[in-house]
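I opened a new page for this one and jotted things down as I went. Here is what I looked up.

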Amino acid sequence: KQEKGNSVKVFDMNRQTEVMRSKPHLVHELKKAIVNKEFVVYFQPIVNAATGGIHYEALLRWFSSKLGPVPPDAFIMAAEESDFIQEIDLWVIEKVCEHVANSHEELRYVSINLSIKTFQSTELEKKLLAACSKHGIDPSFIELELTEHTLLEDEQLLIEKLGCLRKLGFKVAIDDFGMRHASFNYLRVLPVDKIKIDKAFVQNLKRNSKEHHIITSILTLAKKIGVRVTAEGVETVEQAKMLVDASCDELQGYLFGKPAPNEIVHKASKQAREQ
Ligand code: C2E
Ligand code: CA
Ligand code: CA
Ligand code: CA
C-alpha cells in the first residue's frame with residue numbers, strides 16, 4: 001500500500017515538473033487559479049528595529065488542484081512574461097484589503113509585491129483607490145514593493161507612476177535591492193520611501209565579511225538620502241544583531257516568523273499579546 005502511495009507521489013511530481021517546464025501549460029493552469037480559488041495570501045512579519053512594532057508582507061501561494069503547491073519563484077516569472085501578472089497582482093491587492101478590513105489590529109499596515117508590469121498598468125491607481133475605499137483603508141497603510149524580474153522598459157513612465165502613487169498616500173519600496181537591475185540607478189532616479197536588501201546579502205552576513213561591508217555601506221547611503229531600509233532573510237540572532245548595530249530600520253526573516261495564513265498570524269499575535 002505504501003509503495004502505491006509513493007508511486008502516486010512520483011507521478012504527481014513528474015506531472016508537476018512536466019507542466020512547469022512548459023510555460024504555456026503553466027500559464028494555462030495559472031489562468032484558472034483565480035476562478036478555482038487556488039490562490040491564498042500568506043503574511044510574513046516585518047519588525048521595526050526601533051519600536052518592535054510589526055507589519056506584514058503579503059506573499060502569494062498557489063495550491064493548484066492539478067499540480068499541488070507551486071512556489072512563487074516557479075510561476076511569478078511565467079506570469080510576468082505572459083502579462084497575466086497584472087491580473088494576479090490586482091487580485092492580491094483586493095484580497096489583502098479584504099484581510100486588513102476584517103482582521104485584527106496587527107494586520108493594519110501591509111506590504112504588497114507588485115511586478116514592474118503591474119506598476120505600468122494604467123488601471124493600478126484606480127484599482128488601489130477602489131479597494132482602499134471599499135474596505136475603508138487609508139492608502140498610507142499600504143506599501144507597494146517594486147519587484148522586478150523583467151527589464152524596465154519605460155523609466156520615465158515608472159518615475160511618474162511612483163510619484164503619483166506616493167501623492168495618493170501609498171508607500172513605495174524597491175524590492176531585492178542589490179540584485180540584478182535593482183541597484184543604485186534605481187535609487188538615484190526612482191522616488192521611493194524604502195529599499196529592501198535582498199536576502200542573498202543577509203544570509204552570508206558575518207562580521208567583517210564582504211556582505212557586512214556592503215550592507216553597512218548601503219545603510220549609510222540610505223540614511224544620507226532619507227530612504228528607510230529593510231533587511232530580508234534574517235535567520236539568526238547574530239545576523240539580527242549586526243543589522244541593528246548598523247542601524248537597519250526593519251528586519252524580516254524566519255527568525256521572526258515564516259509566511260503564514262492570516263488565521264495563524266492572528267492566533268500567534270493574540271497569544272503574544274496575552275503573554
Ligand atoms: P520577495 O518579495 O523577495 O519575498 C521574500 C521571499 O523570501 C519569500 O519567498 C519569503 O517566503 C522568503 N523568505 C522570507 N524570510 C526568509 C528567510 O529567513 N530565509 C529564507 N531562505 N527565505 C525567506 P516566496 O514567498 O517564495 O516568494 C518569492 C518571490 O515571489 C517574492 O520574493 C516575490 O518577488 C514574488 N512574489 C510573491 N508574491 C507575489 C505577488 O503577490 N505578486 C508578485 N508580483 N510577486 C510575488
Ligand atoms: Ca517582496
Ligand atoms: Ca528578495
Ligand atoms: Ca523578489
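Before listing any meetings between helices, I note that contact means heavy atoms within 4.5 Å. I also keep in mind that this is a predicted model.

**Helices.** I started with H2 (residues 23–33) and H3. Which residues meet there? From H2 I found Lys23, Leu26, Val27 and Leu30, and they meet Ala74, Phe75, Ala78, Ala79 and Glu81 in H3. By class, I get seven nonpolar residues, two charged ones and no polar ones in this contact. The two helices pack at an angle of about 95°, with their axes 10 Å apart. Angles of 65 to 115 degrees count as roughly perpendicular, so H2 is roughly perpendicular to H3.

I stayed with H3 (residues 72–81) a little longer: Phe75, Ile76, Ala78, Ala79 and Glu80 are buried in it. After H3 comes Asp83, and I noted its positive phi, near 75°.

**Strands.** Next I checked S5 (residues 142–147), where six of six residues are buried. On one side I see Ile142, Leu144 and Leu146, and on the other Glu143, Glu145 and Thr147, so both faces are covered. What does S5 pair with? S4 (residues 110–115) runs parallel to S5, joined by six bridges, and Ser115 has Thr147 as its bridge partner. S6 also pairs with S5 in the parallel sense, over four bridges; there, Leu144 is partnered by Val172.

**Calcium.** S6 (residues 171–177) holds Asp176, which took me to the calcium ion (ligand 4). Two OD entries of Asp176 coordinate this ion, at 2.3 to 3.1 Å. I also noted that 5.4 Å separate the calcium ion (ligand 4) from the calcium ion (ligand 2).

Key
Residues are numbered from 1 along each chain as its sequence is written. Chains are lettered from A and ligands numbered from 1 in the order in which they are written. This is a predicted model: local features need pLDDT of at least 70, side-chain atom pairs count only at pLDDT 80 or more; totals for chains, interfaces and linings use all residues. Side-chain values use heavy atoms; hydrogens and water are left out. Donors are N, O and S atoms within 2.8 Å of the metal (3.2 Å for Na, K and Ca); water is not among the atoms, so sites may look incomplete. Buried means under 20% relative accessible area, exposed over 50%, partly exposed in between (1.4 Å probe, protein chains only). Axes are lines fitted to C-alpha atoms, for helices over the stretch in contact, and angles run from 0 to 180 degrees between N-to-C directions. Angles under 35 degrees count as roughly parallel, over 145 as roughly antiparallel, 65 to 115 as roughly perpendicular and the rest as oblique. Ala, Val, Leu, Ile, Met, Phe, Trp, Tyr, Cys and Pro count as nonpolar, Asp, Glu, Lys and Arg as charged, and the others, Gly among them, as polar. Two strands pair if DSSP finds at least two bridges between them.
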